[in-house]
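Subject: Structure handover

Hi,

Here is the structure I promised to pass on to you. Have a look at it first, and then read on for what turned up.

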Amino acid sequence: MIRLTGYRYSIYTRIARLALIEKGVAHELAEADPFADPPPADLLALNPFGRVPVLEHDGFVLYETAAILRYVDAGFPGPALVPVDPRAAARMTQVIGIADAHAYWPLVRQVYAQLVFRPFEGLEPDAAEVAAGLAAAGPVLDALEAIAAEGLQLAGGPLSLADLHLAPMIAAFASAPEGAALLAARPALARWWHMMARRGSMAATTRTGR
Ligand SMILES: N[C@@H](CCC(=O)N[C@@H](CS)C(=O)NCC(=O)O)C(=O)O
């Protein structure tokens, strides 16, 4: 049995769902809201940090999205999502590191959360957070643009874990017009994003209603 515990609005849950779908791994979804205070006890029992997603496979419990993606790729048949070429593989790991360390907070938690999610919940955006997020996003997008332009990753080659890790963050960011404008100014990255946005797995993982 393969179960993914996640949250419908979670970017990281979407990353793990993309990997399962792209590999063709049958799975069930369980819902847990990690932003609840305190997080649900059944989530804390799976992940002491109270974050989603968490994968369970026949009693093996795994949290941290990068680890989940590696496990899904290595543990199941389907297209290989890690390049064999050492430089392409290194770039893949680098993109995942950039996404986690530098992209998630400004792109998702500052720009998307303030400009898209808070209005969706009927709340006002915090202008200072938006400004900070947009300012921090620039260098992150520049770094990703350089990687996309180089061509080893984020360039429309064979699908990799880097594509899956980054796409939900860019999707959220680009859903704010201010984010879309910053992305459009990076042509190689924008080209990659338009290819990723057309994938069936992306369409299958837009948030579901309650
Ligand atoms: N390092 C974790 C991060 C996961 C993460 O931050 N998930 C978010 C949802 S997208 C979460 O659970 N947030 C709850 C919180 O920040 O309290 C991973 O890679 O899985």
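Let me start with the helices: helix 5 and helix 8 are roughly perpendicular to each other, since their axes cross at roughly 75° and angles of 65 to 115 degrees count as roughly perpendicular. Please keep in mind throughout that this is a predicted model. The two axes come within 7 Å, with helix 5 spanning residues 127-150. On the helix 5 side the contact is made by Leu141, Leu144, Glu145, Ala148 and Ala149, and these meet Pro187, Ala188 and Leu189 of helix 8. Sorted by class, that contact has seven nonpolar residues, one charged residue and no polar ones.

Helix 8 (residues 187-197) also packs against helix 6 (residues 161-174), with axes that come within 10 Å and cross at roughly 100°. That angle makes helix 6 roughly perpendicular to helix 8 as well. Here Leu189, Trp192, Trp193 and Met196 from helix 8 face a set of helix 6 residues: Asp163, Leu164, Leu166, Ala167, Ile170, Ala171 and Ala174. Of the residues in this contact, 10 are nonpolar, one is charged and none is polar. You may notice Leu189 in both lists, as it meets helix 5 and helix 6.

Now to the ligand. Which residues surround it? They are Ser10, Ile11, Tyr12, Pro34, Phe35, Arg51, Val52, Glu64, Thr65, Tyr104 and Arg109. Three polar contacts are worth a look on your screen:

- A ligand oxygen atom is 3.0 Å from an N or O atom in the side chain of arginine 51.
- A ligand nitrogen atom is 2.9 Å from a polar backbone atom of valine 52.
- A ligand nitrogen atom is 2.8 Å from an N or O atom in the side chain of glutamate 64.

On its own, the ligand has 510 Å² of accessible area, and the protein covers 86% of that.

Two of these ligand neighbours come up again in the backbone geometry. Most residues other than glycine have a negative phi, and most peptide bonds are trans. Glutamate 64, however, has a positive phi of about 85° although it is not a glycine; this residue lies in the loop between strand 4 (60-63) and helix 3 (65-75). Valine 52 is joined to proline 53 by a cis peptide bond, with omega near 5°, and proline 53 sits in the loop between helix 2 and strand 3 (54-57).

There is another cis peptide bond, between aspartate 37 and proline 38, where omega is about 0°. Proline 38 belongs to the loop between strand 2 (28-31) and helix 2 (41-46).

Happy browsing, and best wishes!

Conventions:
Residues are numbered from 1 along each chain as its sequence is written. This is a predicted model: local features need pLDDT of at least 70, side-chain atom pairs count only at pLDDT 80 or more; totals for chains, interfaces and linings use all residues. Side-chain values use heavy atoms; hydrogens and water are left out. Axes are lines fitted to C-alpha atoms, for helices over the stretch in contact, and angles run from 0 to 180 degrees between N-to-C directions. Helices (H or I, at least four residues) and strands (E, at least two) are DSSP runs, numbered from the N terminus. Angles under 35 degrees count as roughly parallel, over 145 as roughly antiparallel, 65 to 115 as roughly perpendicular and the rest as oblique. Contact means heavy atoms within 4.5 Å. Ala, Val, Leu, Ile, Met, Phe, Trp, Tyr, Cys and Pro count as nonpolar, Asp, Glu, Lys and Arg as charged, and the others, Gly among them, as polar. A residue is near a molecule or strand if one of its heavy atoms lies within 4 Å of it. A polar contact is a pair of N or O atoms within 3.5 Å; within protein, one must be able to donate a hydrogen and the other to accept it, and residues adjacent in sequence count only if both atoms are side-chain atoms. Accessible areas come from the Shrake-Rupley method with a 1.4 Å probe; for residues, only the protein chains shown count as cover.
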